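Please explain this structure to me, going from the strands within a chain to the contacts between chains. I would like to see how the copies are arranged and which elements meet.

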Amino acid sequence: MRDAALNRGTTIVVQDPYLYYAKLTQLWRRRYGEWKGDESVGAGGWIHPSAVVHPQAEVHQSARIGPLCVVERGARVGAGSELTSRVSLGYDCIIGERCIVHPGVVIGADGFGFAKDGERWEKIEQLGAVWIGNDVEIGANTCIDRGALSDTVIEDGVKLDNLIQIGHNVRIGRNTAIAGSVAVAGSATIGANCTVGGGSLVSGHLTIADGVHLSGCSCVSKSITKPGVYTGVFPLDEHGDWERNAATLRQLHRLRERIRHLERERQP
Amino acid sequence: MRDAALNRGTTIVVQDPYLYYAKLTQLWRRRYGEWKGDESVGAGGWIHPSAVVHPQAEVHQSARIGPLCVVERGARVGAGSELTSRVSLGYDCIIGERCIVHPGVVIGADGFGFAKDGERWEKIEQLGAVWIGNDVEIGANTCIDRGALSDTVIEDGVKLDNLIQIGHNVRIGRNTAIAGSVAVAGSATIGANCTVGGGSLVSGHLTIADGVHLSGCSCVSKSITKPGVYTGVFPLDEHGDWERNAATLRQLHRLRERIRHLERERQP
Amino acid sequence: MRDAALNRGTTIVVQDPYLYYAKLTQLWRRRYGEWKGDESVGAGGWIHPSAVVHPQAEVHQSARIGPLCVVERGARVGAGSELTSRVSLGYDCIIGERCIVHPGVVIGADGFGFAKDGERWEKIEQLGAVWIGNDVEIGANTCIDRGALSDTVIEDGVKLDNLIQIGHNVRIGRNTAIAGSVAVAGSATIGANCTVGGGSLVSGHLTIADGVHLSGCSCVSKSITKPGVYTGVFPLDEHGDWERNAATLRQLHRLRERIRHLERERQP
């Protein structure tokens with residue numbers, strides 16, 4: 001019916017025009033084919049000859065491993081998923097169905113774990129892996145570290161933009177979308193249906209509830225237990241004005257004391 | 001003449017010593033040759049045998065495609081430009097003349113576009129490309145996404161440092177320089193001759209005028225219409241002092257009310 | 001003795017359980033072998049056939065160069081070090097012994113150096129290299145730029161997480177650990193035994209003393225001369241509360257003036 005509408009050039013009133021637009025772009029893409037340059041994608045699985053795929057990795061016959069990817073031993077790529085090009089998928093890491101992984105992504109590098117031995121750091125071997133659900137999209141040069149003992153988990157429908165850092169043992173809930181250049185530190189849990197604005201930081205070992213929307217450039221250092229919109233951004237200003245306010249900010253606690261003092265004085 | 005001066009060891013007074021130093025380093029480099037390890041760069045175009053270049057990509061005969069790059073169908077690389085190594089250039093994306101693209105760069109991955117369908121995200125296919133002008137330098141592991149419908153545009157003379165995220169349909173004006181780890185969200189327009197300090201965030205769908213200088217670590221969430229220097233950084237402090245001031249900051253609006261109250265009281 | 005304890009399942013009381021755990025993970029890993037998929041690692045040096053290694057690079061016979069790495073002319077990799085996969089090691093850059101370099105890392109791309117020539121930027125060729133000590137670990141997609149004239153230096157025992165940007169001529173002291181998505185701008189010096197929290201920015205041309213601990217999401221714009229914990233984070237809040245406080249913050253300097261005024265008035 002949508003095809004018919006397109007052909008006839010009729011006006012269509014749709015309930016959700018943005019969603020309709022999304023579907024139109026998909027239609028366009030299917031019609032005008034695969035631009036990327038590898039026409040040889042067939043019905044069976046497809047691995048570019050330049051990719052390095054371990055014989056004990058499992059690539060579904062409808063999956064696609066693009067040029068110059070590395071897929072290590074025991075890794076699994078599910079039906080209809082695509083590693084576009086120059087993607088690293090570490091040993092024992094699992095990608096579900098219909099996922100898109102953009103160039104430069106690293107899944108399953110070691111998490112950042114060390115124990116102090118005097119002044120030296122002793123490496124904690126990262127013995128977990130990464131588990132990625134279905135319908136997940138991962139942007140260019142994003143990194144998802146393997147877990148320390150259990151796995152790092154990205155649930156179904158999660159969308160990650162470019163240059164995101166996901167630490168070991170993080171868990172990201174269904175359909176959560178995270179914009180570019182965000183860092184999620186180790187063992188943080190982000191709920192389902194959240195959105196995280198670009199450039200934000202989520203500290204480690206905390207929990208963010210379902211339905212939380214975090215503004216860009218914000219820093220989460222405590223758990224968030226209620227859905228809602230949260231922000232923590234220093235407002236931008238002309239440099240001279242900023243300088244005066246920032247200098248005063250360093251005395252803010254003392255200013256409060258001075259106000260308290262004035263309030264006390266006024267009632268003799 | 002400069003060569004002569006160098007040979008004779010004479011003292012040279014130059015108008016702009018830093019610019020002169022830049023030219024000296026270029027001279028040095030030309031004299032002592034190409035260190036990088038690929039002596040086989042000739043007068044004609046040069047593609048490393050390990051690179052994966054689609055037969056329908058156009059690489060100028062004076063361009064250089066280094067090891068393990070991926071150049072997709074319909075992509076174009078102009079005269080004198082170099083993809084150093086491990087660069088991805090997506091289908092239909094265009095790089096002008098005399099550009100330098102450092103390792104790990106991803107040009108033309110999909111922009112981050114989704115429409116909500118209930119709780120699910122429906123992918124908006126990204127049908128635009130990336131257009132990069134002349135004399136552009138792009139730092140290691142930086143990502144420039146393809147546009148949703150029209151192109152993402154990087155104008156002549158732009159310099160991008162490492163690990164920068166440029167969202168879909170961003171436009172960056174001539175000779176603007178952006179330091180490392182900056183994120184520019186989708187559909188933002190940055191003017192010409194701007195500088196952006198490291199670690200900053202530019203939100204989407206806004207415009208920054210020509211000649212704006214943004215301090216590092218700052219977050220732009222509204223358009224900037226006048227040239228100048230802009231800053232938005234929480235001043236660093238010893239942790240204990242920070243903690244007191246940050247706690248008070250959360251009551252700042254109420255503090256203002258208390259000051260107002262005191263001001264009113266004092267005039268009976 | 002530890003092995004015996006493990007086998008017998010006896011309870012062990014250890015002085016530093018976290019360090020003990022680290023050593024246990026290493027033991028486990030040694031026992032259960034090399035998961036990564038390249039069983040062919042032998043006693044001699046090992047270079048994956050897909051890696052591009054210049055004949056004039058020096059790889060120690062006990063080092064390992066994984067799939068799809070690029071090692072340029074004059075680069076050196078010391079005993080027991082591993083470039084996991086898809087790593088770029090630039091010409092003349094040196095890696096010490098027992099280092100681990102994770103996928104996507106770029107060592108020795110050009111530093112970000114330009115001189116203004118009118119409105120144009122003239123490139124300053126980066127003639128230094130990168131020097132990395134022993135026992136350094138470098139996380140996925142992290143970038144370390146080559147120096148402008150002298151080298152960028154990463155001392156022994158430094159641990160860098162993923163997606164970190166290290167500018168040209170930075171020096172990082174022994175055993176300092178830096179979490180993900182941090183940017184260190186050119187010519188900054190960070191002392192020994194420091195920790196830097198995720199998402200922080202260290203501005204260029206400054207010095208941080210030994211034993212400084214920087215909270216995540218903080219921005220260092222002046223030198224830090226004393227050890228201690230330093231923080232500069234705008235506290236996260238519900239968006240409405242944030243909005244009121246942020247608006248007031250822009251008037252903070254004037255608020256201080258009003259308090260001063262009230263204080264003066266009160267003493268006639």
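**From strands to chain contacts**

In this predicted model, strand β27 (residues 212–214) of chain A pairs with strand β29 (residues 228–231) of chain A in the parallel sense, over three bridges. Within this pairing, L214(A) stands opposite Y230(A) in β29(A). β29(A) also pairs with a strand of another chain: strand β30 (residues 237–238) of chain C joins β29(A) over two bridges, in the antiparallel sense. Here Y230(A) stands opposite E238(C) in β30(C). Y230(A) thus has a place in both pairings, opposite L214(A) and opposite E238(C). Strands of a sheet pair through backbone hydrogen bonds, and they do so either parallel or antiparallel.

Pairing between chains also appears where chain A meets chain B. β30(A) and strand β29 (residues 228–231) of chain B are antiparallel and share two bridges, and E238(A) stands opposite Y230(B) in β29(B). Between chains B and C, strand β30 (residues 237–238) of chain B pairs with β29(C), in the antiparallel sense and over two bridges. In that pairing, T231(C) in β29(C) is the bridge partner of D237(B).

Inside chain C there is an open sheet of nine strands with parallel pairing, in the order β2-β5-β8-β11-β16-β19-β22-β25-β28. Its edge strands are β2 (52–53) and β28 (219–220) of chain C, each of which pairs on one side only. At the β28 end, strand β25 (residues 201–202) of chain C runs parallel to β28(C), and two bridges join them. V202(C) stands opposite V220(C) in β28(C).

The next level is the division of a chain into domains. The domain assignment of chain A gives domain 1 (2–31), domain 2 (46–230) and domain 3 (237–268). Domain 1 of chain A and domain 2 of chain A have C-alpha centres that lie 33 Å apart.

How are the copies placed relative to one another? Chain C is superposed on chain B by a rotation of 120 degrees with 0.0 Å of shift along its axis, at an RMSD of 0.0 Å. The two copies are therefore related as by a three-fold rotation axis. In chain C, the C-alpha nearest the axis belongs to F234(C), at 3.5 Å from it. Chain A is likewise superposed on chain B by a rotation of 120 degrees, with 0.0 Å of shift along the axis and an RMSD of 0.0 Å. Of the residues of chain A, F234(A) comes closest to the rotation axis, with its C-alpha at 3.5 Å.

Now to the contacts between chains. The contact of chain A with chain B takes 56 residues from chain A and 62 residues from chain B. On the side of chain A that touches chain B, the elements giving two or more residues are α2 (17–31), β30 (237–238), α3 (239–249) and α4 (252–266) of chain A. α2(A) gives the most to this side, with nine residues. By class, this side of chain A has 24 nonpolar, 20 polar and 12 charged residues.

In the contact between chains B and C, 62 residues of chain C meet 56 residues of chain B. The elements of chain C that each supply at least two residues to the side touching chain B are β11 (106–109), β12 (114–117), β13 (120–123), β16 (143–145), β28, β29 (228–231), α3 (239–249) and α4. α4(C) gives the most to this side, with five residues. By class, the side of chain C that touches chain B has 28 nonpolar, 17 polar and 17 charged residues. Only 19% of the interface residues of chain C are also interface residues in chain B, so the copies meet through different surfaces.

The last contact to follow is between two helices. Two packed helices are described by the angle between their axes and the distance between the axes. Helix α4 (residues 252–266) of chain B packs against helix α4 (residues 252–266) of chain C at an angle of about 35 degrees, and their axes are 11 Å apart. The crossing of α4(B) and α4(C) is left-handed. On the chain B side, R256(B), I259(B), L262(B), E263(B) and R266(B) in α4(B) take part; they meet L255(C), R258(C), I259(C), L262(C) and E265(C) in α4(C). By class, this helix contact has five nonpolar, no polar and five charged residues.

Terms used: Residues are numbered from 1 along each chain as its sequence is written. Chains are lettered from A and ligands numbered from 1 in the order in which they are written. This is a predicted model: local features need pLDDT of at least 70, side-chain atom pairs count only at pLDDT 80 or more; totals for chains, interfaces and linings use all residues. Two residues are in contact if their C-beta atoms, placed from the backbone, lie within 7 Å. Helices (H or I, at least four residues) and strands (E, at least two) are DSSP runs, numbered from the N terminus. Ala, Val, Leu, Ile, Met, Phe, Trp, Tyr, Cys and Pro count as nonpolar, Asp, Glu, Lys and Arg as charged, and the others, Gly among them, as polar. Two strands pair if DSSP finds at least two bridges between them. Copies are superposed by least squares on the C-alpha atoms of residues with pLDDT of at least 70 in both. Domain bounds come from an automatic or database domain assignment. Axes are lines fitted to C-alpha atoms, for helices over the stretch in contact, and angles run from 0 to 180 degrees between N-to-C directions. A crossing is left-handed if the near helix is turned anticlockwise from the far one by less than a right angle, and right-handed if clockwise.
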